[in-house]
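Biologist: Could you take me through the cross-links in this one? I'd like a close look at the cysteines, and then a word on the charged pairs.

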Amino acid sequence: GAGFTKITEVFIVHGRRVAVKSVHPDSRDFKTCMKSENKKTHECYLMSNFKLLKEATFLQQLSNPAIPRLLGLCVRSEQVSSVRSERGVQIVVEAGMKGVSGQIRRMNWTERLDICIQLIELVIYLNDSPVGQLCISDFKLDQFVIDKTGSKPKILLIDWDDMNTVETQCTKDSDCAIDRRVSGLPCVEGRCQNLIPWRNLSSVTKIFIANIGHMSNTPDYFTAASDNIKQSVFSFQMDAKRVHQALLDIQNHTLS
């Protein structure tokens, strides 16, 4: 599929799905750049390929089950072309199946619970990654895929070019809010302190945990727990490690 910066093509190689990512002239970022009066063609090539290389650099340094492995990287030039063989920068990563919402709905509830645990473990990892705290800037369902090649369904975060390590700018403490909810976090030297972990946790809770807890065939105690997690996270009373423990407690209760 085509995104803002790149095109992703999925192939089956030795029985496994892999994704080849490269910059296509029809990508929105490239076309927007080319329309700018003060930009030259080679500058637009460089900008678009920079974002692809940024993604490759993150994937080289990070290791988590919810982060796709970088399987290959080819850098020959800054060329952008509609012909795949002529594109200057291409990366190859693990791939999964799109349509995350539908796939999760078709899972049994214990598999859905495990998806929530995987996502919280990703958030905890990003809070203290080898490159610092990483913020999932553009958090939405189509940033994820499901990989069913292993013993259990695995969720993968596939879009990394918009990740960043920069805290939100501010002039006062009240600027450090999430969805207009006051966090109580301080504004220090023009940046909100430690807001990134709460942004990631809030997004996972809102988009995944709160919805998964209300899907069909879900036990009442999981639904109640997901509601409590949502309320506690949104009021900044439960951090990622506490959410992780709460989900593990539900999982252990199920297995006992």
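Modeller: Here is a walk through the disulfides, the unpaired cysteines and some of the salt bridges. Keep in mind that this is a predicted model.

Let's start with the cysteines. The count comes to three disulfides. If you number the bonded cysteines in sequence order, the pairing reads 1-2, 3-5, 4-6.

Take Cys-33 and Cys-44 to begin with: their sulfur atoms sit 2.1 Å apart in a disulfide. Cys-33 belongs to helix α1 (residues 28–34) and Cys-44 to helix α2, so this link joins parts of the chain eleven residues apart. The torsion about that S-S bond is about -85°, which makes the disulfide left-handed. Both ends are tucked away: Cys-33 is buried at a relative accessible area of 5%, and Cys-44 is buried at 0%.

Next comes the loop between β6 and β7, which holds Cys-170 and also Cys-176. Cys-170 pairs with Cys-187, with 2.1 Å between the sulfur atoms. Cys-187 lies in strand β9 (residues 187–188), 17 residues away from its partner. Here the torsion is about 95°, so this disulfide is right-handed. Cys-170 has a relative accessibility of 9% and counts as buried. Cys-187 has 18%, and because the cut-off for buried is under 20%, Cys-187 is classed as buried too.

Cys-176, for its part, bonds to Cys-192, again with the sulfur atoms 2.1 Å apart. The angle about this S-S bond is -95°, and the link is left-handed. Cys-192 sits in strand β10 (residues 191–192), so the bond ties the β6–β7 loop to a part of the chain 16 residues away in sequence. Cys-176 is buried at 1%, and Cys-192 is buried at 0%.

Now for a cysteine that stays single. Why does Cys-116 have no bond to Cys-135? The closest cysteine sulfur to that of Cys-116 is the one in Cys-135, and at 20 Å it is too far for a bond. Cys-116 is also buried, with a relative accessible area of 0%. Cys-74, by contrast, is partly exposed at 35%.

On to the charged pairs. A search of the whole structure finds nine salt bridges. One of them brings us back to the loop between β6 and β7: Asp-162 meets Lys-51 there, 3.3 Å from N to O. Asp-162 is in that loop and Lys-51 is in helix α2 (residues 41–61), so the pair ties together parts that are 111 residues apart in sequence. The two ends differ in how much surface they show, since Asp-162 is partly exposed at 32% relative accessibility while Lys-51 is buried at 17%.

Another salt bridge joins Arg-69 and Glu-94, at 3.6 Å from N to O. Arg-69 is in the loop between α2 and β3 (70–75) and Glu-94 is in strand β4 (residues 89–94), with their positions 25 residues apart in sequence. Arg-69 is partly exposed at 46%, whereas Glu-94 is buried at 10%. This pair doesn't act alone on the map either: salt bridges with shared partners join Arg-16, Arg-69 and Glu-94 into one network.

Finally, have a look at Arg-181 and Asp-179, another salt bridge, whose closest N and O atoms are 3.7 Å apart. Asp-179 counts as partly exposed, with a relative accessibility of 47%.

Note on methods
Residues are numbered from 1 along each chain as its sequence is written. This is a predicted model: local features need pLDDT of at least 70, side-chain atom pairs count only at pLDDT 80 or more; totals for chains, interfaces and linings use all residues. Side-chain values use heavy atoms; hydrogens and water are left out. A salt bridge is a side-chain nitrogen of Lys or Arg within 4 Å of a carboxyl oxygen of Asp or Glu. Helices (H or I, at least four residues) and strands (E, at least two) are DSSP runs, numbered from the N terminus. Buried means under 20% relative accessible area, exposed over 50%, partly exposed in between (1.4 Å probe, protein chains only). A disulfide is a pair of cysteine sulfur atoms within 2.5 Å.
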